[in-house]
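Let us walk through a structure together, one question at a time. Have a look at it first, and then we can talk about how to read it.

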Amino acid sequence: TATPRIGDILQKLAPFLKMYGEYVKNFDNAMELVKTWTERSPQFKNIIQDIQKEKVCGNLTLQHHMLEPVQRIPRYEMLLKDYLRKLPQDSLDWKDAEKSLEIISTAASHSNSAIRKMENLKKLLEIYEMLGEEEDIVNPSNELIKEGQILKLAARNTSAQERYLFL
């Protein structure tokens, strides 16, 4: 109450939010693992259910708790934008809050970028498997631009052959 500010505090902590990108990148795999082991192992399922029943879990599932960190950075960004809209520009906290928003927006962008990279690699892996695993295309520097049916026209007789193209 003596110094009603949050911008300076968030500014110091915001750089650590980039770590969420790694969490977000592995989120789908983690959710899939929980689903797989819940279906495969009755013992695992029972342990998870017992933990979820505890009061500290607030009647929420493990998956719900796992989703919280994914939603955290966008929520911080939204709350900080709202805070800045309502904060008078001559406030002592204005510059710090504005700088915090800049850092948090960068972390959100980093997190979204990590998601896109993982989705891209996952798609390349699917294509690699479709092609019979002959040509190794799975590489972080490769990017799928477009895919779809095309018609290949023969130069000699102008006949068209259907092909599926990955660009």
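What follows is a dialogue between a learner and a teacher.

Q: What kind of model is this, and how are residues numbered?

A: This is a predicted model, in which local features need pLDDT of at least 70 and side-chain atom pairs count only at pLDDT 80 or more, while totals for chains, interfaces and linings use all residues. Residues are numbered from 1 along each chain as its sequence is written, and side-chain values use heavy atoms, with hydrogens and water left out.

Q: How are two packed helices described?

A: Two packed helices are described by the angle between their axes and the distance between those axes. Helices here are DSSP runs (H or I, at least four residues), numbered from the N terminus. Axes are lines fitted to C-alpha atoms over the stretch in contact, and angles run from 0 to 180 degrees between N-to-C directions. Take helix 4 (residues 62–86) and helix 5 (residues 94–130): their angle is about 155°, and their axes are 9 Å apart.

Q: Which word describes how helix 4 and helix 5 run relative to each other?

A: Angles under 35 degrees count as roughly parallel, over 145 as roughly antiparallel, 65 to 115 as roughly perpendicular and the rest as oblique. Helix 4 and helix 5 are therefore roughly antiparallel. Their crossing is left-handed, a term used if the near helix is turned anticlockwise from the far one by less than a right angle.

Q: And how do helix 2 and helix 4 pack?

A: Helix 2 and helix 4 meet at an angle of about 160°, with their axes 10 Å apart. They are therefore roughly antiparallel to each other, and their crossing is left-handed.

Q: What counts as a salt bridge, and how many are there?

A: A salt bridge is a side-chain nitrogen of Lys or Arg within 4 Å of a carboxyl oxygen of Asp or Glu. By this rule the count is 8.

Q: Which residues are linked in a network of salt bridges?

A: Arg5, Asp93 and Asp96 are linked in such a network. Asp93 and Arg5 meet at 3.5 Å, N to O. That pair links distant parts of the chain, with Asp93 in the loop between helix 4 and helix 5 and Arg5 in the segment before helix 1, 88 residues apart. For Asp96 and Arg5 the N to O value is 2.1 Å. Asp96 lies in helix 5 and Arg5 in the segment before helix 1, so this pair ties together parts that are 91 residues apart in sequence.

Q: Is Asp93 buried or exposed?

A: Buried means under 20% relative accessible area, exposed over 50%, and partly exposed in between (1.4 Å probe, protein chains only). Asp93 counts as buried because its relative accessibility is 0%. Arg5, at 23%, counts as partly exposed, and so does Asp96, at 21%.

Q: Where does Phe16 lie, and what patch does Phe16 help to form?

A: Phe16 lies in the loop between helix 1 (7–13) and helix 2 (20–40). Together with Ile9, Leu13 and Met19, Phe16 forms a nonpolar surface patch with about 440 Å² of accessible area. Patch residues have over 30% relative accessible area and no salt bridge; like charges are joined within 9 Å, and nonpolar side chains (Val, Leu, Ile, Met, Phe, Trp, Tyr) within 5 Å. Accessible areas come from the Shrake-Rupley method with a 1.4 Å probe, and for residues only the protein chains shown count as cover. Phe16 counts as exposed because its relative accessibility is 53%.

Technical notes:
Helix = DSSP H or I, 4+ residues; strand = E, 2+ residues; numbered from the N terminus.
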